[in-house]
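Have the sequence and the model open side by side for this one. We'll take a walk from the inside of the fold to its outside.

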Amino acid sequence: MPVNRPLLERTRVVAVGMGSYGNSDWDRTAPALDACRFAQRMVERGVPCEQITMFASPAPKVRAKVDELAPRGYQPATWREVTDFFETQLRNDQGDLLMVFWAGHGVDNGETQQLLFTLIVVVAR
């Protein structure tokens, strides 16, 4: 039985890189750069650049590099921006495949818990 593969031009990519948490002790350089690299890789694989949306909160140390690497620029990786995108812009998207890349580092509370900063968005069609 043949497998139906989504067309690359009907693939939507959302890449999120959370690197700055408002506290320099928590800032990480890798997440925003990882999101950029993922978005670039998707372009190299044939996903149209206009089908890629990127959100980033780069740590100050890598902000210039993220500005340079992001294929189409990026929007702030805030709760409001990402939620609004999923609830409004993406709601009516007619694509065949949605790929979400989420990069961010949690924190260790110094005892037994590790906390991962994530976002949960439910979009009903």
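What follows is a tour of the core, then the salt bridges, then a few surface spots. Keep in mind that this is a predicted model.

Let's begin inside. In soluble globular proteins, nonpolar side chains tend to be buried together. Here the largest nonpolar core has 18 residues, and Val13, Cys36, Met42, Ile52, Met54 and Val66 have the most contacts inside it. Which elements feed this core with at least two residues each? They are strand S1 (11-18), helix H1 (30-44), strand S2 (52-57) and helix H2 (63-69). H1 gives the largest share, with seven residues. If you want one residue to click on, try Cys36: leaving aside residues up to four places away in sequence, Cys36 touches Met54, Val66, Leu69 and Ala70. There is also a second, separate core of ten residues, with Val14, Met18, Phe55 and Val82 among them.

Now for the charged pairs. The structure holds six salt bridges, and a few are worth a look. Asp96 pairs with Arg10, with the closest N and O atoms 3.1 Å apart. Asp96 sits in the loop between H3 and S4 and Arg10 in the segment before S1, so this bridge ties together parts that are 86 residues apart in sequence. Asp96 is partly exposed because its relative accessibility is 44%, and Arg10 is partly exposed too, at 32%.

Another bridge joins Arg12 to Asp93, whose closest N and O atoms are 3.2 Å apart. This pair also links distant parts of the chain: Arg12 belongs to strand S1 and Asp93 to the loop between H3 and S4, 81 residues apart. Are these two buried or exposed? Both Arg12 and Asp93 are buried.

For a local pair, go to Arg41 and Glu44, where the closest N and O atoms are 3.5 Å apart. These residues are three apart in helix H1, so about one helical turn separates them. Arg41 is partly exposed at 41%, whereas Glu44 is exposed at 60%.

Back to the stretch after helix H3 (79-89): Gln94 is in the loop between that helix and S4. With 57% relative accessibility, Gln94 counts as exposed. Its side chain reaches the backbone oxygen of Asn92 at 3.1 Å. The C-alpha atoms of Gln94 and Thr11 are 9.3 Å apart, although their positions lie 83 residues apart along the chain.

Finally, not every nonpolar side chain is tucked away. Leu98, Val100 and Trp102 make a nonpolar surface patch with about 250 Å² of accessible area together. Leu98 lies in strand S4 (residues 97-104) and is partly exposed, at 43% relative accessibility.

Methods
Residues are numbered from 1 along each chain as its sequence is written. This is a predicted model: local features need pLDDT of at least 70, side-chain atom pairs count only at pLDDT 80 or more; totals for chains, interfaces and linings use all residues. Side-chain values use heavy atoms; hydrogens and water are left out. A nonpolar core is a set of buried Ala, Val, Leu, Ile, Met, Phe, Trp, Tyr and Cys residues joined through side-chain atoms within 4.5 Å. Buried means under 20% relative accessible area, exposed over 50%, partly exposed in between (1.4 Å probe, protein chains only). Helices (H or I, at least four residues) and strands (E, at least two) are DSSP runs, numbered from the N terminus. Contact means heavy atoms within 4.5 Å. Patches are made of residues with over 30% relative accessible area and no salt bridge: like charges are joined within 9 Å, nonpolar side chains (Val, Leu, Ile, Met, Phe, Trp, Tyr) within 5 Å. Accessible areas come from the Shrake-Rupley method with a 1.4 Å probe; for residues, only the protein chains shown count as cover. A salt bridge is a side-chain nitrogen of Lys or Arg within 4 Å of a carboxyl oxygen of Asp or Glu. A polar contact is a pair of N or O atoms within 3.5 Å; within protein, one must be able to donate a hydrogen and the other to accept it, and residues adjacent in sequence count only if both atoms are side-chain atoms.
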